[in-house]
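Dear colleague,

Please find below the structure that I am handing over to you. I should be grateful if you would look through it alongside the notes that follow.

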Amino acid sequence: MIVHPDDPSLHLIEVADLDLPYPPPEAHAHRDALRAVIGWAETYLCRPHPDLGRNGPVCPYAQGSLSRGRFYLAVPGTAPRTVEDVVALVEPYRAWFTGLAPRGEPDAVFTTILILLPGLAGRVALVDAAQEALKDRFVEEGLMVGEFHDGPPDKPGLWNPLLRPLSGPVPLLAIRHMVATDLPFLHLDPAHRDAYLARFGGRVPAHLRETVTEAGSVEATVTDAVTGAVAGAVTATVTGAVRDAATDTALETVLEGAE
């Protein structure tokens, strides 16, 4: 278990903690919920799904996170009752995450914190509202926060709109780094799109470039983001797919998970 260096009330439970002869009290107290989430990650997130609409596991990063010991869990000691309560509980973990997994470190992209909210079972609308309230600040800092619960969240899969991939056994909010394939989760909000392009404008994966051109304010946004990263900046109003963008990154697989 990892304890925050400045706030001992904040802790992160590691998967291996649950296998200790004497788990930390924080893990033992919530062992059923923690084991349910770990089992869900191993049997759902890490595996292909027949309705996913693409090859590969539901979450391309989950197995790497588990294998590297970068799959952290937290169960706040206070049961939230309102959206504001959830936001107040999650915000300290956002600040901690940026120090725990600085962008650019080898394992940063595999690092995630899952904040379990077992007391909100049956109150999934509150979880959804909290995610919306948190998202702006997270995206601004290059992070993503996604909601999972047994509702499930009414957000369709990217490759199969009939699938609801954010289903989970315990209500939770997951924190991770934004990656180049997150554009479909961000392009409809101008501020979110701008935050994405500020980081990945020259590395938009090929299969997502048309999404950029359809998002609005295209000419100025794409030109600003791509100039310097593309050989020959965009010189005319973009009406089709952006061409001659920088070479694709290794993150071509779309992440079907935390939004």
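The notes below cover the sheet, the helices that pack on it and the cysteines.

Please bear in mind that this is a predicted model.

The sheet is open and mixed in its pairing, and its six strands follow the order β1-β2-β3-β4-β6-β5. At its edges are β1 (2–3) and β5 (143–148), each of which pairs on one side only. Strand β5 runs antiparallel to β6 (residues 172–177), and six bridges join the two. Within this pair, L143 stands opposite H177 of β6.

Two helices may be considered together with the sheet. Helix α2 (residues 31–45) packs on it and touches β2 (11–14), β3 (71–74), β4 (112–116), β5 and β6. The direction of α2 makes about 135° with that of β4. Helix α4 (residues 83–100) lies across β1, β2, β3, β4, β5 and β6, and runs at about 25° to β6.

As regards the cysteines, a search of the whole structure finds zero disulfides. C46 takes part in none, and the nearest cysteine sulfur to its own, that of C59, is 7.4 Å away. A disulfide requires the two sulfur atoms to be within 2.5 Å, so the sulfur of C59, at 7.4 Å from that of C46, is too far for a bond. C46 is buried, with a relative accessible area of 14%. C59 is likewise buried, and its relative accessible area is 13%.

With kind regards

Definitions and conventions:
Residues are numbered from 1 along each chain as its sequence is written. This is a predicted model: local features need pLDDT of at least 70, side-chain atom pairs count only at pLDDT 80 or more; totals for chains, interfaces and linings use all residues. Side-chain values use heavy atoms; hydrogens and water are left out. Buried means under 20% relative accessible area, exposed over 50%, partly exposed in between (1.4 Å probe, protein chains only). Two strands pair if DSSP finds at least two bridges between them. Helices (H or I, at least four residues) and strands (E, at least two) are DSSP runs, numbered from the N terminus. Contact means heavy atoms within 4.5 Å. Axes are lines fitted to C-alpha atoms, for helices over the stretch in contact, and angles run from 0 to 180 degrees between N-to-C directions.
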